[in-house]
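Visitor: Hi, could you walk me through a protein model that I have only just opened?
Guide: Gladly, and you can ask in whatever order you like.

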Amino acid sequence: MLVQREDGLELSDDPARLDLDLMHRELSQSYWSPGLPRSVMDRAITNSWCFGLYTLEAGQIGFARLITDHATFAYLADVFVLSAYRGGTGRWMMDQIFALPELAQLRRIMLATRDAHSLYAGIGFEPLAAPETFMQIVRPDIYSSPTKSD
């Protein structure tokens, strides 16, 4: 899948185009996965449907990852756009991803965000209708613990 905008911005799900060094730098410094080991990121990429956002001049400038069974459920994770390219490009990336026919067939798509609620609300996400039915296991320091698995 390749989508191009008139100004040269591109969205692709070709894993060969992903700049893994850039992605690891950004993700390992993000609030949601600080200290993420490269081997863990590589495994996550391999087992997910990934999208890179590119410009001709700069190469990869953004990323989004869907963890999905391609039938009923997906979880949107690891979304970023480099700060120099924000201001509409993230929304364009999300619009293109969520326009894919494969996503229209999924019963539930989830995400967690600390600071981008308005972006995701604009593409249809809403707060959990019954948060009391959801449970989680959270290990925020897993990448810095002595028993980390990488």
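Guide: What follows is a chat about a few helices, loops and single residues of this model, which is a predicted one.

Visitor: Okay, let's begin with helix H2, then. Which of its residues are buried?
Guide: Helix H2 takes in residues 38-46, and its buried residues are Val40, Met41 and Ile45.

Visitor: Why do those end up on the same side of H2?
Guide: The buried residues of H2 cover an arc of only 135° around the axis, and therefore they sit on the same side of the helix. As background, an α-helix has 3.6 residues a turn, so residues three or four places apart point the same way.

Visitor: And what covers them?
Guide: The cover over the buried residues of H2 includes helix H1, which is residues 20-28, together with strand S3 (49-55) and strand S4 (59-68).

Visitor: You mentioned H1, so which of its residues are buried?
Guide: In H1 the buried residues are Leu22, Met23, His24, Leu27 and Ser28, and what they pack against is H2, S4 and S5.

Visitor: Back to H2 for a second: what is Arg38 in contact with?
Guide: Arg38 lies in helix H2, and once its neighbours within four places in sequence are left aside, Arg38 is in contact with Leu20, Asp21 and His24. Of these, His24 is one of the buried residues of H1.

Visitor: How accessible is Arg38 itself?
Guide: Arg38 has 30% relative accessibility and so counts as partly exposed, since that class runs between the 20% limit for buried and the 50% limit for exposed. Its C-alpha atom is 8.3 Å from that of Ser28, a residue 10 places away in sequence.

Visitor: What about the loop between H1 and H2, is Ser33 buried or exposed there?
Guide: Ser33, which has its place in that loop, is buried, with a relative accessible area of 5%.

Visitor: Which residues does Ser33 touch?
Guide: The side chains of Ser33 and Ser30 are joined by a polar contact of 3.0 Å. Leaving aside its neighbours within four places in sequence, Ser33 is also in contact with Leu27, Ser28 and Tyr143, and both Leu27 and Ser28 are among the buried residues of H1.

Visitor: Moving on to the loop between H2 and S3, what does Ser48 do with its side chain?
Guide: Ser48 has its place in that loop, and a polar atom of its side chain lies 2.7 Å from the backbone oxygen of Ala44. Ser48 is buried at a relative accessible area of 16%, and beyond its neighbours within four places in sequence it is in contact with Arg65, Leu66 and Ile67.

Visitor: New topic: how many cavities of 30 Å³ or more are there?
Guide: The structure holds one cavity of 30 Å³ or more, and the largest cavity has a volume of about 40 Å³.

Visitor: What lines the largest cavity?
Guide: The lining is made up of Trp49, Thr68, His70, Glu102, Leu103 and Leu106, and these residues divide into three nonpolar, two polar and one charged.

Visitor: Where does His70 sit, and what is its phi?
Guide: His70 lies in the loop between S4 and strand S5, the latter being residues 73-81. Its phi is near 60°, a positive value in a residue other than glycine. For context, most residues other than glycine have a negative phi. Although it helps to line the largest cavity, His70 is exposed, with a relative accessible area of 53%.

Visitor: What about Asp78, is that one buried or exposed?
Guide: Asp78 is buried, with a relative accessible area of 13%, and it lies in strand S5. Asp78 also has a positive phi, near 55°.

Visitor: Last one: where is Met135, and how far is it from Trp92?
Guide: Met135 lies in the segment after helix H5, which is residues 117-121, and its relative accessible area of 81% makes it exposed. The C-alpha atoms of Met135 and Trp92 are separated by 31 Å, with the two residues 43 apart along the chain.

Methods:
Residues numbered from 1 in each chain as written. Predicted model: local features only at pLDDT ≥ 70, side-chain atom pairs only at ≥ 80, totals over all residues. Heavy atoms only, no water. 1 Å grid on protein atoms, 1.4 Å probe; cavity = no way out; pocket = protein on both sides within 12 Å on 5 of 7 lines; lining within 4 Å. Points joined across faces, edges and corners; volume = space filled by probe spheres on them. Nonpolar A, V, L, I, M, F, W, Y, C, P; charged D, E, K, R; others polar. Buried < 20%, exposed > 50% of the residue type's maximum accessible area, 1.4 Å probe, protein only. Helix = DSSP H or I, 4+ residues; strand = E, 2+ residues; numbered from the N terminus. Arc of directions from axis to C-beta. Contact = heavy atoms within 4.5 Å. Polar contact = N/O pair within 3.5 Å; in protein donor to acceptor, adjacent residues only side chain to side chain.
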